[in-house]
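Me: Could you take me through the burial and ring-pairing labels for this one? I would like each label set against its cut-off.

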Amino acid sequence: MNHIRIELLPWLSQYFAPHKSGRYVLDAEIEPGRDLGELFARLAREHPVFAERVFDPDERQMREHVEVVVNDILIELRKAPAYPLRDGDVITLIPAFQGG
């Protein structure tokens with residue numbers, strides 16, 4: 001099994017651990033050869049707020065207001081679900097910024 005760490009910044013961690021402030025960490029195990037979409041679909045089933053705020057498991061798409069960083073590299077939103085996971089990956093979810 002591959003060990004993956006998911007870091008949620010305060011904009012999202014407040015929904016997972018309302019009694020804590022700051023960064024919240026989820027540790028997950030996933031079979032080798034799986035991708036980010038499979039991990040996120042599982043998290044969406046386990047944590048309904050994840051489906052609401054981060055990942056639509058039915059459409060297998062990231063929500064528009066979230067950016068995915070894997071091992072300090074920003075992943076293109078459309079490609080994120082197909083991103084292959086490896087043991088020790090650290091995923092950080094950050095808010096997407098828009099403006100003009």
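Me: Why is tyrosine 24 called partly exposed?

Reply: Happy to help! Buried means under 20% relative accessible area, exposed over 50%, and partly exposed in between (1.4 Å probe, protein chains only). Tyrosine 24 has 23%, so it is partly exposed. This is a predicted model, in which local features need pLDDT of at least 70 and side-chain atom pairs count only at pLDDT 80 or more, while totals for chains, interfaces and linings use all residues. Residues are numbered from 1 along each chain as its sequence is written, and side-chain values use heavy atoms, with hydrogens and water left out.

Me: And what makes phenylalanine 16 buried?

Reply: Its relative accessibility is 14%, so phenylalanine 16 counts as buried.

Me: How do you know which label, stacked or edge-to-face, fits the pair of phenylalanine 40 and phenylalanine 50?

Reply: Rings of Phe, Tyr and Trp (its six-membered ring) pair if their centres lie within 6.5 Å; planes under 30 degrees apart count as stacked, over 60 as edge-to-face and the rest as tilted. Here the centres are 5.2 Å apart and the planes make 70 degrees, giving edge-to-face. Phenylalanine 40 and phenylalanine 50 are both buried, each at 0% relative accessibility.

Me: Which ring pairs link up into a cluster?

Reply: Ring pairs join Phe16, Tyr24, Phe40, Phe50 and Phe55.
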